Every structure is written in C-alpha cells, then in structure tokens.
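Subject: Structure handover

Hello,

Here is the structure I promised to pass on. Please open it first, then read my notes below.

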Amino acid sequence: MSNRVPHIEEDKCIGCTLCTQIAPGTFQMKDNGKAEVCNPTGDTPEMIEQAMASCPVQSIIWKENE
Ligand code: F3S
C-alpha cells in the first residue's frame with residue numbers, strides 16, 4: 001500500500017473543478033470554491049495522477065503520509 005497521499009495546496013487552487021471531475025472519489029469542491037481531498041484513496045493512483053496533470057495551476061501534489 002502506498003504511503004503517499006494527494007494534497008491540495010489550497011492557496012493555489014483557482015476552483016476550476018477539473019480534479020473533481022476526473023477523480024470524483026478523491027476530490028470534492030468546498031463551499032469556498034476550492035477543492036479538497038475527501039478520500040485520499042478514493043480513485044486509482046492513475047486517476048489521481050491524471051487529475052494532478054490536468055490541474056491548470058499544479059495545486060495537487062503527493063505528500064508522504066506520516
Ligand atoms: Fe483547484 Fe486544480 Fe482542482 S484549480 S479545483 S485543484 S484541478
């Protein structure tokens with residue numbers, strides 16, 4: 001099992017919602033218009049990577065799960 005988890009750098013997020021469309025099991029939109037991680041293992045790593053690559057401001061990164 002991977003010990004890395006996706007993380008959203010909220011300051012960077014411009015609320016484009018792409019990540020929540022590509023990996024809806026992992027990312028959801030908050031009331032403030034920014035995305036958040038709702039379940040770090042909600043989609044396959046490939047889907048999460050695709051969401052990361054699609055974010056126009058690169059605000060989704062992997063973090064070590066400590
Ligand atoms: Fe925000 Fe990027 Fe998702 S701008 S809504 S983290 S695709």
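**Around the ligand**

Thirteen residues surround the ligand, and those that come nearest are Cys13, Thr17, Cys19, Cys55 and Ser59. Keep in mind that this is a predicted model. The ligand takes up the space of the largest cavity. What kinds of residue form the shell around the ligand? Ten are nonpolar and three are polar. None is charged.

**Ser59**

Start with Ser59, one of the residues that come nearest to the ligand. Ser59 sits in the loop between helix H2 (45–54) and strand S4 (60–64). Is Ser59 buried or exposed? Its relative accessible area is 1%, so Ser59 is buried; the cut-off for buried is under 20%. Beyond its neighbours within four places in sequence, Ser59 is in contact with His7, Ile8, Glu9, Lys12 and Cys13.

**His7**

One of those contacts, His7, deserves its own look. His7 lies in strand S1 (residues 4–8). His7 is partly exposed, at 28% relative accessibility. Residues up to four places away in sequence aside, His7 touches Val37, Ser59, Ile60, Ile61 and Lys63. Now find Lys34. It is 27 residues from His7 along the chain, and 12 Å separates the two C-alpha atoms.

**Cysteines**

How many disulfides does the structure hold? Zero. Take Cys16, which is in no disulfide. The nearest cysteine sulfur to Cys16 is that of Cys55, 5.6 Å away. A disulfide needs the two sulfur atoms within 2.5 Å, so this pair does not count as one. Cys16 is partly exposed, with a relative accessible area of 31%. Cys55 is buried, at 8% relative accessibility. Cys55 is also among the residues that come nearest to the ligand.

**Two backbone angles**

Most residues other than glycine have a negative phi. Which way does phi go at Thr17, negative or positive? Positive, at about 75°, although Thr17 is not a glycine. Thr17 sits in the loop between S1 and helix H1 (18–22). Thr17 is partly exposed, with a relative accessible area of 26%. Thr17 is also one of the residues that come nearest to the ligand.

Gln58 has a positive phi too, near 50°, and is likewise a residue other than glycine. Look for Gln58 in the loop between H2 and S4. Ser59 is found in that loop as well.

Over to you.

Note on methods: Residues are numbered from 1 along each chain as its sequence is written. This is a predicted model: local features need pLDDT of at least 70, side-chain atom pairs count only at pLDDT 80 or more; totals for chains, interfaces and linings use all residues. Side-chain values use heavy atoms; hydrogens and water are left out. A residue is near a molecule or strand if one of its heavy atoms lies within 4 Å of it. On a 1 Å grid over the protein atoms alone, a cavity is a set of points where a 1.4 Å probe fits but cannot get out, and a pocket is an open set with protein on both sides within 12 Å along at least five of seven lines; lining residues have an atom within 4 Å of a point. A molecule sits in a cavity or pocket if more than half of its atoms lie within 2 Å of its grid points. Ala, Val, Leu, Ile, Met, Phe, Trp, Tyr, Cys and Pro count as nonpolar, Asp, Glu, Lys and Arg as charged, and the others, Gly among them, as polar. Helices (H or I, at least four residues) and strands (E, at least two) are DSSP runs, numbered from the N terminus. Buried means under 20% relative accessible area, exposed over 50%, partly exposed in between (1.4 Å probe, protein chains only). Contact means heavy atoms within 4.5 Å.
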